[in-house]
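Work through the exercises below with the structure open. Each task is followed by a solution in steps.

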Amino acid sequence: MDHLDKLEAQSVYILREAYREFKSLCMLWSIGKDSTVMLWLARKAFFGHVPIPLVHIDTHYKIPEMIEYRDRFALEWNLNMIYGENSEALAEKLTFPDGNTDRITCCKYLKSEALKHTLSGEWPRYRMDHEQRRYVVDKGRDPYTGVIVGVRADEEGSRSKERYFSPRDKDNVWDVGDQPPEFWNQFKTDFAPGTHVRIHPLLDWTEQNIWEYVEREKIPVVSLYFNQGASTRYRSLGCYPCTNPVLSDARTVPEIIDELKSGKFSNIAERSGRAQDSEDGGLETLRRDGYM
Amino acid sequence: MNGRAQMNIVIVGHVDHGKSTVIGRLLADTGSLPQGKLEAIKESCRRNSKPFEYAFLLDALKDEQAQGITIDMARCFFNTAARDYIIIDAPGHIEFLKNMITGASRAEAALLVIDADEGIKENSKRHGQMVSMLGVKQVTVLVNKMDLAGFSEDVFEKLKADYTDFLSRIKVTPVSFIPVSAREGDNIASLSERMAWYKGSTVLEQLDQFTSDKELQEKPFRFPVQDIYKFTRSNDDRRIVAGTVAAGSIQVGDEVLFLPSGKQSAIQSVESFNTSPKHFASAGEASGFTLATQIYVRPGELMVNPAEPLPEVGNRFRVNLFWLGRAPMIKQKEYKLKLGSARSTVKLAEICNTLDASDLSYSKSKQQIDCRDVSECILETSRPIAFDTTSASESTGRFVIIDNYEIAGGGIVVENLSAGESLLQQHIRDRENKWEAGLVRAEQRAEVNRHRAKFIVFTGAPGTGKRAVAKAFEQGLFQNGMNAYYLGVANIDRGLDADLGSQSDSAGERLRRIGELARIFTDAGLIFITTIDDADDYDIETLKLLNEPNDILVVNHGENGFSRFQPDLQLVAGGAVADAVHLVADLLKTKEIIIDYQI
């Protein structure tokens, strides 16, 4: 088994463990490369099927191609696709692009809050109806007690401290200083009522591993990751007002891998194109509050 | 590119013995630092007129990673010509033991750092023991700060002898001892001229000499069944036994045996998604199989090859246990055990020998296992599980214990003790010896009631209609003038078992209470009826024992999930209730429990 085989096997094991132990389970799909690889790993784990609902938090400021891509594969791969949103903040225009909040507050409203209330079932969930080929309000309102998230340890400091199975308390709070031990391949799959567990199958993957796997498996990814002629590409995807491309000539997956191996980005954070990270407190503040 | 090997190394040792300096040195000497980092820190030290140390390098990297919050377990990446390394820096502080365990659990080799000047300290011992228990086979001891010990061979040899002695007591044979000065760089990347007496490898050479665990492929096949998948709703009729191969290998056509159920079949196919067809699976692969025959197996069983050495099956075993729980581990209490893919309730039966956390002394008289104790003890699960003793195969001999939703302990199975008397058997013997009987004898009751007492269990999968049959049968018996009572299990959950809450680790206690109730009700001369979802051989065996000296009848609905046990009556799922009641009544007549039964 080579290194990618080992990473794949461990992620599949984690996904199956989550599916076995959590009755109310979902997987967050941001449409980015990481969670798309994770979705692919679920198809590996369950032999072509995805028996877990996929949840996308739609800020309505996503780059339009991301939404087209989401709905295309939701239908093609027969996914139980669900999205949630903060309709109140959107209606009242409490957003950064509307000029009414700073970036961090906008993230908090449109992502953290929307995520929290979609997971808990307090706010409506919209489910892809495969017969009507459109989204309908989902009848299921049970809180998700297991949430599968595609974070990687090498992305950013606070993410390197996650466990594979990481508990969140009743208020969604992550107690970084007192996390459960993980002995061998035995994880925290028992949880008190009202709490939930975040599950991280991609923790050991690096950005380069992700692209090597995309190449090996021929996984379709959004074309925004490639240089379309303007010598720029996105390295990390988010909302268009706060996401900037990097300078790059990489037009294909192998070219991206070569670019990463060249060390060109070794001093530049993967999320450097994500403006909210550089504001006061940054990602750590957001993450303690339930952001992914 | 994808073929480039990677290895996880954990670095442990007492606080201030120089772990950070070793890592800083390794990063610097392998050129793994971000551009200009080393120069920047040296410059900052010069400006603040403090001497540069390699540990600062690591601190600076950590601060960047941590963004202002305390880091608990850092991973550093570096590579040599041979392969890529992830160094897991496990904190030396005792409060961070959980993080150290998490880190060491994932490591293939360990570097244990000891200060030549300070010598062996508490955590030098504790970490040595933990690394050994966690199954890290390759341990190299770095005797650091040799510069402070005058690069003396005598100091090194003395420390080596003392620590080898300690390690041998906990059955660890270190791969090597290397005298180093991480601060000065001696013996890290190149051999030190100041310690010409040392003829071994440098730290970097030693890292490249560690081997990846290849022998797993050669061991007997072990496949903990993680789940059984059937995605019928997506028009897929495959019934796939899924899991990760823990050891050995298997191929299409091979016979397989499931333990503890004892069921047998053969591999029909190896399943996978988006790969070329597979006929073979070996250690480390997350795989799936279809079987040649339709048999009912459950998650938690161990699939093995009957032609190879078999694992142990039992419910009582001697273990080495490491306890981390806030509350001590005590006898009488039920915990949950996870071993491989098996889950069971478990009790602490005996404590044999305990290494005390506070002073590292051994005690044979402890009555409970406290936080951070390492204990040799005897555990008993409520039902048998299949396992290997760790001398035979590691991954199927490791377990964790859950207390109050948390992983509170972990350990390894040393010996199967299942031949001895179980806690349950001791309990029944004790109870029956002291049972206080009234003046009315069972035969007298039977004569007046015109039927004998009996405990009748209706079982089968949820939704098979067993409850409707059980209730109708109670009503029928009652209308025939007999003393029958149907007990809904939900009533016990909300009543007698209310103190157990919704915790999954109390399944054994719930079953015990039903069995004890049956003992009392049958003693009272009743035909006592209840239902249990998906009872297996061990549930019935347990109820039988608890109900002694009285007897039990088992009626199964739908698919028969028992492996050896034969139910007294087999009914179809969802059949007509009246017909089912008739069949049960006939059974009771055959067994001479009732004489007559009129509709």
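**Exercise 1.** In this predicted model, find which residues B:Lys145 touches, leaving out those up to four places away in sequence, and decide whether B:Lys145 is buried or exposed.

Solution. Start with the location: B:Lys145 sits in the loop between strand S5 (138-144) and helix H6 (153-169) of chain B. Its contacts beyond four places in sequence are B:Gly18, B:Asp115, B:Ala116, B:Asp117 and B:Ser181. B:Glu118 is 27 residues from B:Lys145 in sequence, and the C-alpha atoms of the two are 9.4 Å apart. Next, count neighbours: 23 other C-beta atoms lie within 10 Å of B:Lys145. The cut-off for a buried residue is 20 or more, so B:Lys145 is buried.

**Exercise 2.** Compare the span of helix H10 (residues 466-479) of chain B with the expected value, then state where its buried residues lie around the axis.

Solution. At 1.5 Å a residue, the 14 residues of H10(B) should span 20 Å; the end C-alpha atoms are 20 Å apart, so the two agree. The buried residues are B:Lys466, B:Val469, B:Ala470, B:Phe473, B:Glu474 and B:Leu477. Down the helix axis they fall within an arc of 135°, and therefore line one face. The spacing fits a general rule: an α-helix has 3.6 residues a turn, so residues three or four places apart point the same way. Among the elements covering the buried residues of H10(B) are strand S25 (527-533) and helix H14 (577-590) of chain B. Just after H10(B), B:Gly481 has a positive phi of about 80°.

Methods:
Residues numbered from 1 in each chain as written. Chains lettered and ligands numbered in written order. Predicted model: local features only at pLDDT ≥ 70, side-chain atom pairs only at ≥ 80, totals over all residues. Helix = DSSP H or I, 4+ residues; strand = E, 2+ residues; numbered from the N terminus. Expected span 1.5 Å × (residues − 1). Buried ≥ 20, exposed ≤ 12 C-beta atoms within 10 Å, placed from the backbone. Arc of directions from axis to C-beta. Contact = placed C-beta atoms within 7 Å.
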